[in-house]
Amino acid sequence: IYTNDSTLATAVVHTGLLAAGGKGVVKVVVLPGQESYASSTRCGFTSSSYGNWSLSYKMEKARGIVKGPAKGE
């Protein structure tokens with residue numbers, strides 16, 4: 001769970017859902033704020049610990065996504 005001001009691209013790599021420089025679709029779930037946020041190191045990134053914050057999010061694999069043709073096709 002990340003504070004809502006966390007950079008989405010960095011956080012998604014930290015979760016392991018996408019590799020650095022990778023592209024994909026993830027589901028972002030908005031959550032209430034947490035009393036505190038613990039630091040952790042995963043996938044080459046270390047998150048920062050933080051105290052009380054008013055809004056949070058987490059990410060999950062997107063399911064049921066159907067990709068259409070690329071622009072110009």
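Which residue of β5 is the bridge partner of L31? The bridge partner of L31 is S56, and the legends below place this pair in its surroundings. All views show a predicted model.

**Figure 1. Overview of the predicted protein, with one helix and five strands.** Read from the N terminus, the elements follow the order β-α-β-β-β-β. The protein has 73 residues, of which 18% count as buried. Among contacts between residues at least 6 apart in sequence, 63% join residues at least 24 apart.

**Figure 2. The open sheet, built from three strands in the order β1-β5-β2.** The pairing in this sheet is antiparallel. Strands β1 (2-3) and β2 (26-32) are the edge strands, each pairing on one side only. Seven bridges link β2 to β5 (residues 55-61) in the antiparallel sense. Along this pairing, L31 has S56 as its bridge partner, and V29 stands opposite K58. Between β1 and β5 the pairing is likewise antiparallel, here over two bridges. On this side of β5, Y57 stands opposite Y2.

**Figure 3. Helix α1 (residues 8-15) packed on the sheet.** The helix touches β1, β2 and β5, and its direction makes about 55° with that of β5. Four residues of α1 are buried, namely A11, V12, V13 and H14. These buried residues pack against β1, β2 and β5, and also against β3 (41-42) and β4 (45-46). After α1 comes G16, whose phi is positive, near 90°.

**Figure 4. The largest nonpolar core, seven residues in all.** Its members are Y2, A11, V12, V13, L18, Y57 and M59. Two or more residues of this core are given by each of α1 and β5. The largest share, three residues, comes from α1. Two members of the core, Y2 and Y57, stand opposite each other in the pairing of the sheet. V13, another member, touches L18, A19, A20, C43 and F45, residues up to four places away in sequence not being counted.

**Figure 5. Surroundings of T3, a residue of strand β1.** Is T3 buried or exposed? T3 counts as buried because its relative accessibility is 8%, below the cut-off of 20%. The side chain of T3 is joined to that of D5 by a polar contact of 2.6 Å. Leaving aside residues up to four places away in sequence, T3 touches Y37, Y50, W53, L55, S56 and Y57. One of these residues, S56, is the bridge partner of L31, and another, Y57, stands opposite Y2.

**Figure 6. The aromatic pair formed by Y50 and W53.** The count of aromatic pairs in the model comes to two. The pair of Y50 and W53 is edge-to-face, with 5.4 Å centre to centre and 80° between the planes. Y50 has a relative accessible area of 47% and is therefore partly exposed, since this value falls between the limits of 20% and 50%. W53 is also partly exposed, because its relative accessible area is 24%. Both Y50 and W53 are among the residues that T3 touches.

**Figure 7. T41 in strand β3 and its contacts.** Is T41 buried or exposed? T41 is exposed because its relative accessible area is 57%, over the limit of 50%. Not counting residues up to four places away in sequence, T41 touches H14 and T46. H14 is one of the buried residues of α1. T41 and H14 are 27 residues apart along the chain, and their C-alpha atoms are separated by 7.7 Å. The contact of T41 with T46 includes a polar contact of 2.8 Å between the two side chains.

Definitions and conventions
Residues numbered from 1 in each chain as written. Predicted model: local features only at pLDDT ≥ 70, side-chain atom pairs only at ≥ 80, totals over all residues. Heavy atoms only, no water. Pairing = 2+ DSSP bridges. Contact = heavy atoms within 4.5 Å. Axes fitted to C-alpha atoms, helices over the stretch in contact; angles between N-to-C directions. Buried < 20%, exposed > 50% of the residue type's maximum accessible area, 1.4 Å probe, protein only. Phe/Tyr/Trp six-rings, centres within 6.5 Å; stacked < 30°, edge-to-face > 60°. Polar contact = N/O pair within 3.5 Å; in protein donor to acceptor, adjacent residues only side chain to side chain. Core = buried A, V, L, I, M, F, W, Y, C linked by side-chain atoms within 4.5 Å.
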